[in-house]
Amino acid sequence: MVAQILTAGKRGIHSAAQAIGYGEIVAFPTETVYGLGADVLNREALLKIFKAKGRPADNPLIAHVNSYDMVQRLVQNIPADAVRLMEAFWPGPLTLVMQKRPEVPYEMTAGLDTIAVRMPAHPVALALIEACGQPIAAPSANRSGLPSPTTAQDVFSDLGDEIPYIIDGGPCSVGIESTVLDMTSLRPLILRPGIITIEMIRNCIRSVSNYEYHPQSDEPVKSPGVKYRHYAPKAKLVIVSGSEGGVTRKILDLVSKDIDRGLRPVILCYEESRRHYGADSIVLGSKYRPETVARNLYWALREVDRRGMDTAYAEALSQKGAGAAVMNRMLRAAGGHIEEA
Ligand code: TXA
Ligand code: MG
């Protein structure tokens, strides 16, 4: 099979919705990253998603809806705070984990009694859900472990042989995945940070905290996604953190050692620091605009591999605001490898 790339007009959306109705899986754009969609209630189609991505069977999917009515079809006992958050942030990059209805198949939730739901802020995604008349289950449309796709071409290079259609909606405006918030515990927990920050959520509901995963503890993991190596390029990625001058010196030192060893290193930096490095360094945007860095991050990680580099050194970003989500993805892409300058 070679995936057909559909334009994001009425006809393309109609063909994609029809395919989903027949039990196929189709990639489509959202404001965060491209998703790989299937009918929420079709068990076989859901299993196709896991197979195409090479996704671990215990990692649940997100249901994409375009109305509150669709939430009610999937969720029972919707908490009042969840409704408040939907009103504040939907459509948008916030996913809420709530108690699932019995009709929702366990293939969707990977055996859990909870379901993750969000309303994407993308006209094509919303039109596709409308055309299906049904919520669409979708993880990110990348091969498991690789950076999430932010263009139709990224999807094609990962899954072009596995799926029939990709709707091309151009590059994603947010660039990293939604914030995932667990609403089933007494105190809502952020399972995955995103550009909807903990401060923004705290302004809307009284209590919220960050989930910390302890691989050694006996407690079952709250969000299976956190266990897996993620978003990683094939090149070895290292984050360098510290004072401005220190970071530059450290990176230049690591790069020259690599070159001496016959390796091909590349640097990921910001507009403010690019002048310290060679013209072939990859610029993530201004370090004062974490939203821009988020938009460019997965493109940059994929660019490292497109250039066939062996190693990549990225300057750490301040964890303020959306910077926390960017650093979360960078650290996971680096397998936690951070060097202090
Ligand atoms: O922005 C996004 O969220 C994108 C677009 C396509 O909507 N989707 C996305 O899906 O990033 P995926 O599958 O790559 O990530 C879903 C995350 C995983 O970390 C998963 O473990 C978590 O959501 N998740 C899903 N259902 C859950 C549940 N019932 N309980 C806890 N975590 C859940
Ligand atoms: Mg993913």
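**Exercise 1.** Which residues in helix 10 meet which residues in helix 11? Describe also how the two helices are arranged in this predicted model.

*Solution.*

Step 1. Identify the contact. From helix 10, the participants are Pro290, Val293, Ala294, Leu297, Tyr298 and Leu301, and they meet Gly323, Val326, Arg329, Met330 and Ala333 of helix 11.

Step 2. Classify these residues. The contact of helix 10 with helix 11 comprises nine nonpolar residues, one polar and one charged.

Step 3. Examine the axes. Helix 10 spans residues 290-306 and helix 11 spans residues 323-333; their axes come within 9 Å and cross at roughly 20°.

Step 4. Assign the orientation. Angles under 35 degrees count as roughly parallel, and helix 10 and helix 11 are therefore roughly parallel to each other.

Step 5. Assign the handedness. Helix 10 and helix 11 form a left-handed crossing.

**Exercise 2.** Characterise the second largest pocket: what is its volume, which residues are the closest to its centre, and which helix supplies the largest share of its lining?

*Solution.*

Step 1. State the volume. The second largest pocket has about 360 Å³.

Step 2. Locate the centre. The lining consists of 17 residues, of which Tyr270, Lys287, Ala316, Leu317 and Ser318 are the closest to the centre of the pocket.

Step 3. Trace the lining to elements. At least two lining residues come from each of strand 12 (236-241) and helix 9 (244-260). Helix 9 provides the largest share, with three residues.

Step 4. Classify the lining. Seven residues are nonpolar, five are polar and five are charged.

Conventions. Residues numbered from 1 in each chain as written. Chains lettered and ligands numbered in written order. Predicted model: local features only at pLDDT ≥ 70, side-chain atom pairs only at ≥ 80, totals over all residues. Heavy atoms only, no water. Axes fitted to C-alpha atoms, helices over the stretch in contact; angles between N-to-C directions. Helix = DSSP H or I, 4+ residues; strand = E, 2+ residues; numbered from the N terminus. Parallel < 35°, antiparallel > 145°, perpendicular 65-115°, else oblique. Left-handed = near helix turned anticlockwise from the far one by under 90°. Contact = heavy atoms within 4.5 Å. Nonpolar A, V, L, I, M, F, W, Y, C, P; charged D, E, K, R; others polar. 1 Å grid on protein atoms, 1.4 Å probe; cavity = no way out; pocket = protein on both sides within 12 Å on 5 of 7 lines; lining within 4 Å. Points joined across faces, edges and corners; volume = space filled by probe spheres on them.
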